[in-house]
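Work through the exercises below with the sequence and the 3D structure open beside you. Each task is followed by a solution that goes step by step.

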Amino acid sequence: MPLKRPVVLITGGSRGIGAAVAQLAAARGYDVAINFKSDREAAERVLEVCRASGAAAIAAQGDMALEEDVARMFDEAEAALGRVSHVVNNAGITGRSGRLDAAATETIRSCVDINVLGALWVAREAARRLSTRNGGAGGSIVNISSAAARLGSANEYVWYAASKGAIDSLTIGLSQELAGDGVRVNAVSPGITRTDIHERSTGDAGRMERFRSKIPLNRIGEPEEIAEAVLFLMSDAASYITGANIPVSGGR
Ligand code: NAP
């Protein structure tokens, strides 16, 4: 009988960093479940690439800010692919950029709902299903934080930076909570990476290029470069690593 492939569930896997993680995971021998919120066509394109690598791949629609969608997404992934062994907590938004004193309540609330509460719902569901204490088979969780948690994002979106600070705390605490339960928990903190988030989420088309001169490696990161760090942390090569947070930010 062929060996059962590990199964990774990636929130916000239809575009950007999540899509790059899905495609690299498929190429490295994982079956893949991606979640998306609204762009089904983008999700279908990612699935095609994953399947071309020989992976079983499915997409589960769901808003990660909603607890019930999170549980349903895990159910759909497990019904189609079997037990989930790895979770990448990636879905996130910034909201339109600006100073905090000018930010709309809804901008701040939706960012915190998705980036903080959503990440907690996903992490909680992962802990319930992966933890050997709860009858799971162990595995690993990788949270996508941001260099913003360190830098603070003044005049851009301090609420987003604060939401990623929460991800850093979640990573430390949950890694300790699950260390005896067969689950490693780590984070990757991307710097400025070439995805739609800059234009679609912030409404600022020139943002990426304006920051180039502040990046020691003097270029924008590619989603595939973030995916490499995520795949490393998921893999057995990282078997003694938990509670770590790898900056992938070109030295910034
Ligand atoms: P992106 O290109 O805008 O893609 C966002 C993904 O998340 C899409 O698949 C989107 O699906 C999904 N999504 C958005 N809201 C969702 C929700 N409520 N529920 C479920 N899925 C949702 O973003 P990205 O740049 O790849 O960012 C991915 C992660 O990396 C985020 O956590 C972000 O904060 C972090 N990050 C990015 C950068 C960067 O420079 N790009 C830097 C540091 C950290 P739909 O299209 O269907 O809405």
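**Exercise 1.** Locate G12 and find which residues it is in contact with, leaving aside its neighbours within four places in sequence.

Solution. Begin with the chain, where G12 lies in the loop between β1 and α1; helices (H or I, at least four residues) and strands (E, at least two) are DSSP runs, numbered from the N terminus. Next, taking contact to mean heavy atoms within 4.5 Å, and leaving aside the neighbours within four places in sequence, we find G12 in contact with G18, A19, N35, N90 and A91. Finally, compare G12 with I34, which is 22 residues away along the chain, although the C-alpha atoms of the two are separated by 6.9 Å.

Before going on, note that this is a predicted model, in which local features need pLDDT of at least 70 and side-chain atom pairs count only at pLDDT 80 or more, while totals for chains, interfaces and linings use all residues. Residues are numbered from 1 along each chain as its sequence is written, and side-chain values use heavy atoms, with hydrogens and water left out.

**Exercise 2.** Determine the order of the strands in the sheet, and say which strands stand at the edges.

Solution. Count the elements to begin with: the protein has 9 helices and 7 strands. The 7 strands form an open sheet with parallel pairing, in the order β3-β2-β1-β4-β5-β6-β7, where two strands pair if DSSP finds at least two bridges between them. At the edges stand β3 (57–61) and β7 (245–248), and each has a single partner strand, so one side of each is left without a neighbour in the sheet. On average, and with direction ignored, neighbouring strands of this sheet are turned by 15° against each other. As one pair to inspect, take β4 (residues 86–89) and β5 (residues 139–144), which pair in the parallel sense over 4 bridges; the bridge partner of V88 in β5 is V142.

**Exercise 3.** Describe how α3 is placed against the sheet and against α4.

Solution. Helix α3 (residues 67–81) lies across β1 (7–10), β2 (31–36), β3 and β4, and runs at about 160° to β3; axes are lines fitted to C-alpha atoms, for helices over the stretch in contact, and angles run from 0 to 180 degrees between N-to-C directions. Turning to α4, we find that α3 packs against it at an angle of about 40°, with the axes 9 Å apart. The two helices are therefore oblique to each other, given that angles under 35 degrees count as roughly parallel, over 145 as roughly antiparallel, 65 to 115 as roughly perpendicular and the rest as oblique. The contact is made by E67, V70, A71, F74, D75 and E78 of α3 together with W121, V122, R124, E125, A126 and R129 of α4. Sorted by class, the contact of α3 with α4 has 6 nonpolar, no polar and 6 charged residues, where Ala, Val, Leu, Ile, Met, Phe, Trp, Tyr, Cys and Pro count as nonpolar, Asp, Glu, Lys and Arg as charged, and the others, Gly among them, as polar.

**Exercise 4.** Find the angle at which α4 packs with α6, and then the angle for α1 with α9.

Solution. Helix α4 (residues 105–130) and helix α6 (residues 158–178) pack at about 10°, their axes being 9 Å apart, and that makes α4 roughly parallel to α6. Their contact includes I108, C111 and L120 of α4 and W159, I167 and L170 of α6, and its residues divide into 14 nonpolar, 3 polar and 1 charged. For helix α1 (residues 16–27) and helix α9 (residues 223–234), the angle is about 55° and the axes are 8 Å apart, which makes α1 oblique to α9. Among the residues making this contact are I17 and L24 of α1 and I226 and V230 of α9.
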